[in-house]
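Biologist: I am new to this structure, and I would like to learn how to read it step by step. Could we begin with the overall division and then go on to the details?

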Amino acid sequence: MYNPKSHKAEEFICHEEVLDTLSYAEQNKNNVELIDKILEKAKLGKGLSHREAAVLLDCEDAEKNKEIFELAEKIKKDYYGNRIVLFAPLYLSNYCVNGCVYCPYHAKNKTIPRRKLTQEEIKKEVMALQDMGHKRLAIEAGEDPVNNPIEYILESIKTIYSVKHKNGDIRRVNVNIAATSVENYRKLHEAGIGTYVLFQETYNKETYEILHPTGPKHNYAYHTEAMDRAMEAGIDDVSLGVLFGLELYRYEFAALLMHAEHLEAAFGVGPHAISVPRLRKADDINPEEFDNGIDDDTFAKIVACIRIAVPYTGMIVSTRESEECRKKLLHLGVSQMSGGSKTSVGGYFNPMPEDEDSAQFDISDRRPLDEVIKWLMELGYLPSFCTACYRHGRTGERFMEICKQQQIHNFCHPNAIITLKEYLEDYASDETKKVGAALLLREIETLQDEKIKQIVKDDLQKIEHGERDFRF
Ligand code: SAM
């Protein structure tokens, strides 16, 4: 029985409800009257149910599809302005006991070089990331209770936060590690993590079990209920995602939104963000052997419909996607992106060609961070290295409340300006500095509140004189 409040995976991601949703969407994909009604509701900016969003996703009417894309752009602008938050992944270890058939870290892969960073090596990686200008990291590790126990992850987080190299400072560590116990989530919470990230990979239980034939990750319920345990442990910023390409995208889309509705129904707070990774080529993985790959147009439609369905939830796109594809998705709803990423263990500090062999997947967007920042600014975006919300306790329910009152601009926009200024002072190339200086002048003028505007101007001057870490 479908029950969004239940803590049982098969009740809040009820297979029958997903199938019913898909047939409802199929039946109504050309029902212009219903689509109009759904669009009217969506324009209120309070989101849509998974059933309503599924109809929009399936819609075949060219005129209505145009409206869907326009609305996604409008919601993106209204809620996120032109800000794009930057981060980088940091791969700690690729030891893994699972058998995920799409991931080169699977235990049977005997050719991939296994590596685990020591704390000294983590310090070097963090310094290299700080020297690029990053302030926000997502740590990544395979699942291996012997090589990567929770103690190793906790020690690594401590190390990352402790490194202060030149003006560098990692101010927010998000964590993408395998599903774990409430007790371990509590430890992560106490270690001061930002968001807990866990991709569902696929919500279809039968497919899930085939794709995860061995190892602890085989347990569908344990994996699917992970966010409930994280929230029970006090982590109220969680980030969902599916790996597009593994299952039929319509199924994943409906179930992903059901997961978001479940968190809202059961805990009063939806996901902080949703990632939209697509399957990529990797060491012994050929994405063409999977039947459910999606083209760029379908991918864009998914992103637009997620933006409309959950306006308060950030959306993340990684360097799995090309520059061209990322450009398109930025318009439609993406609010965070990685830049200058390496998916190999030890890939940032003094990278060796053989390090690439330990990579989790091939990267499409290989540009250095400075180039990404300049590109974003030239496209009219305001790159942000802000980490203030989490450091001021604006997380979970509190964060959502501020978003719903549309007040987040008052924090995010000035913080984006301030952190971009830090980036330009400390790390940007001359060309990027020039583009950035002009952008900052324009952005300051968009601040409506005169008091805030004055504080920002003062902060920018102080940054020029060497002070750092101002925030609202
Ligand atoms: N080991 C952790 C777990 O079990 O959830 C997560 C860390 S893993 C480094 C991060 C994510 O990379 C996975 O959740 C998966 O979705 C994604 N991934 C794995 N293989 C991939 C591939 N070939 N292409 C793109 N993404 C992939």
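Modeller: Please keep in mind that this is a predicted model. A useful way to start is with the domains, and here the protein chain is divided into domain 1 (18-76), domain 2 (78-366) and domain 3 (390-464).

Biologist: How far apart are the C-alpha centres of domain 1 and domain 2, and how many residues does the contact take from domain 1 and from domain 2?

Modeller: The C-alpha centres of these two domains, domain 1 and domain 2, are separated by 28 Å, and their contact draws on 20 residues from domain 1 and 23 residues from domain 2. On the side of domain 1 that touches domain 2, the elements giving two or more residues are helix H2 (15-28), helix H4 (50-58) and helix H5 (62-80), and H5 gives the most, with eight residues. Sorted by class, that side of domain 1 has 13 nonpolar, four polar and three charged residues.

Biologist: When I turn to a pair of helices, what is the angle at which H13 and H14 pack?

Modeller: For a helix pair one reads the angle, the distance between the axes and the residues in contact. Helix H13 (residues 296-309) packs against helix H14 (residues 323-332) at an angle of about 25°, and their axes are 9 Å apart. Angles under 35 degrees count as roughly parallel, and H13 and H14 are therefore roughly parallel to each other. The crossing in which H13 passes H14 is right-handed. On H13 the contact is made by Asp296, Ala300, Val303, Ala304 and Arg307, and on H14 by Cys325, Lys328, Leu329 and Leu332; by class, these are six nonpolar, no polar and three charged residues.

Biologist: At what angle do the axes of H12 and H13 cross, and which residues make the contact?

Modeller: The axes of helix H12 (residues 249-267) and H13 cross at roughly 15° and come within 12 Å, so H12 and H13 are roughly parallel to each other. H12 passes H13 in a right-handed crossing. Tyr249, Phe253 and Leu257 of H12 meet Thr298, Ile302, Cys305 and Ala309 of H13, and this contact divides into six nonpolar, one polar and no charged residues.

Biologist: Which residues come nearest to the ligand?

Modeller: For a ligand, one reads the shell of residues around it. There are 21 residues around the ligand here, of which Cys103, Ala178, Phe199, Arg280 and Phe361 come nearest, and by class the shell has twelve nonpolar, three polar and six charged residues.

Key:
Residues are numbered from 1 along each chain as its sequence is written. This is a predicted model: local features need pLDDT of at least 70, side-chain atom pairs count only at pLDDT 80 or more; totals for chains, interfaces and linings use all residues. Axes are lines fitted to C-alpha atoms, for helices over the stretch in contact, and angles run from 0 to 180 degrees between N-to-C directions. Helices (H or I, at least four residues) and strands (E, at least two) are DSSP runs, numbered from the N terminus. Angles under 35 degrees count as roughly parallel, over 145 as roughly antiparallel, 65 to 115 as roughly perpendicular and the rest as oblique. A crossing is left-handed if the near helix is turned anticlockwise from the far one by less than a right angle, and right-handed if clockwise. Two residues are in contact if their C-beta atoms, placed from the backbone, lie within 7 Å. Ala, Val, Leu, Ile, Met, Phe, Trp, Tyr, Cys and Pro count as nonpolar, Asp, Glu, Lys and Arg as charged, and the others, Gly among them, as polar. A residue is near a molecule or strand if its C-beta atom, placed from the backbone, lies within 6 Å of it. Domain bounds come from an automatic or database domain assignment.
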